[in-house]
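Visitor: I am new to this structure and would like a close look at a single part of it. Please pick one spot and explain what surrounds it.

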Amino acid sequence: MTSVTVRGIENLEITVQTGLFIDNEFVPAANGATLDVENPTSATHLATVSAAQKEDVDRAVQSAKKAFTTWKHAEPSTRRELLIKLADIVQRDGKQLASLEALEGGFLYQDSLNLHVAQAVENLRYFAGWADKVDGTTLSIPQGLAYTRRQPIGVCAAIVPWNTLMIFFWKLAPAIASGNVLIIKTAELTPLWGQKVGEMVREAGFPPGVINILPGLGSVAGQALSEHNEIKKLAFTGSTATGRRIMEAAARSNLKKVSLELGGKGPSIVFDDADFDNALLWTTIGITASNGQICAAGSRIYVQDTIYDKFLVEFSKRSRDAVHGDPLLPETTKGAVASKAQMDKILSYVEKGKASGLRLLHGGEKLPGDGYFVANTAFADVDQNHSIMREEIFGPFASIASFSTEQEVIDKANDSDLGLNSAVFTNNVNRAMRVSEALETGTVTVNCWGLVHANTPFGGVKQSGFGRDMGHEALDGWTATKTVKYNLLT
């Protein structure tokens, strides 16, 4: 199978296999189907890789089925050691993975290395520790005894997004620790780091078929996975609209188990008793990190009216300017957004705001250069019912409004179909507790935004989905409970 070579950080030469990773081999797709990968920084062609077709999904499923016949009997210590070995390799080659994220996704190299790659390693090691602790319970029943066993589901699949490689490992680590076999479809915009992970999986010593990795289109490979009758579980991170289609496909096929981590429109709430500089720091990070291309982005900012005007001035000072350019360079503080389509979508919301006469605080334009660079953007005094306050934009785009009372801002924050992440800024511990309890989101951070740890579960409520990544709760999504009952004869 062919490979492609690209240049990463400090001119590092990175060779990437272009085939589908099935049965520990890189193989071409059916009919030679391919997809082109673009560098969003320069808007130029970066690589061409195989694009999985329905027949390739069938091949991967058969590979996984065969592997599961023996893998399900593997000792937990075997799973643990393999995950630890993979973690060591990911850490060793972190520069390559971070470089690939920068090249194909526009993400800042240092952010990728210090967060995305670091989180990948942390999750692999965390769930390696769980491999021999997926226990059941012993129960008393009349005239007998019962116990439960948490067993692997079998052939599972995951469809992961383009905006961070760490989500790939959020799925892989608990699935493998639980004894499943896994087929992962990587995103068509950013498949290269997944190809590199395939090489790492093989080097770590995983048996053929335990982990298969398929680059491909969501409408083809993703659809085939969703509809496949021999896939027993599918985990998806992405848009709410696609999540609906996956649930429909699961219902039409074999009623496979589904977990969904979908869109967000996260509220960041700043009370007047908060540490002002700390709130400025985190609300800025919350909408500019990864160019706001994060489902947990703090894209709705509510500020108490007594500090609102001051906040607008200082927030604009902190967030409006950035050094855009090559994400591999240390002086760059803003990379390109992931694609032209993403840039056009962000700019279309700018036009909606302008057309409604909303106050543009800063930004709202394409930045100079051939790539897909969008200025950090913020609108102030945004009405609660405006589309820029209600719809996920997935870019460096903040919608800001004021509030007077605690109950008012709780109502505003909860006035959304989405419920993934929220942030509260206050020095009043009692207020922090009350508001955190009242917010309808899967995660609440207090006096910070978006902290990620392998031992803390992450996921949404309402139309942000169901199921959890990370934390021991993630194991629930990758196991099936069997109950065994004994009638003790006398």
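Guide: The model is a predicted one. A good place to begin is phenylalanine 394, which is buried because its relative accessible area is 16%, and buried means under 20%. Phenylalanine 394 sits in the loop between α12 (387–390) and β18 (397–403). Its phi is near 65 degrees, a positive value in a residue other than glycine.

The ring of phenylalanine 394 has a partner. A pair of aromatic rings is described by the distance of the centres and the angle of the planes. The count of aromatic pairs comes to 12. One of them joins tryptophan 162 to phenylalanine 394, with 5.5 Å from centre to centre and 85 degrees between the planes, an edge-to-face arrangement. This pair links distant parts of the chain, since tryptophan 162 belongs to the loop between β9 (155–159) and α5 while phenylalanine 394 belongs to the loop between α12 and β18, 232 residues apart. Tryptophan 162 is also buried, because its relative accessible area is 16%.

Another pair can be set beside this one. Phenylalanine 276 and phenylalanine 311 have ring centres 6.4 Å apart and planes at 90 degrees, so this pair is edge-to-face. The two rings again link distant parts of the chain: phenylalanine 276 is in helix α9 (residues 276–288) and phenylalanine 311 in helix α10 (residues 308–319), 35 residues apart. Phenylalanine 276 counts as buried because its relative accessible area is 16%, and phenylalanine 311 counts as buried because its relative accessibility is 0%. Ring pairs also link Phe168, Phe169 and Trp193 into a cluster.

The element α5 leads on to another residue. Serine 178 is found in the loop between α5 (166–177) and β10 (181–186), and serine 178 counts as buried because its relative accessibility is 5%. Apart from neighbours within four places in sequence, serine 178 is in contact with Arg79, Pro152, Leu475, Trp478 and Thr479. One of these contacts, tryptophan 478, has lysine 233 over its face, at 3.8 Å from the ring centre. A similar note applies to tyrosine 349: lysine 352 lies over its face, at 4.2 Å from the ring centre.

Returning to the backbone, alanine 43 has a positive phi of about 55 degrees although it is not a glycine. Alanine 43 lies in the loop between β5 (34–39) and β6 (44–50), and alanine 43 counts as partly exposed because its relative accessibility is 28%.

Terms used:
Residues numbered from 1 in each chain as written. Predicted model: local features only at pLDDT ≥ 70, side-chain atom pairs only at ≥ 80, totals over all residues. Heavy atoms only, no water. Helix = DSSP H or I, 4+ residues; strand = E, 2+ residues; numbered from the N terminus. Buried < 20%, exposed > 50% of the residue type's maximum accessible area, 1.4 Å probe, protein only. Contact = heavy atoms within 4.5 Å. Phe/Tyr/Trp six-rings, centres within 6.5 Å; stacked < 30°, edge-to-face > 60°. Lys NZ or Arg CZ within 6 Å of the ring centre and 35° of its normal.
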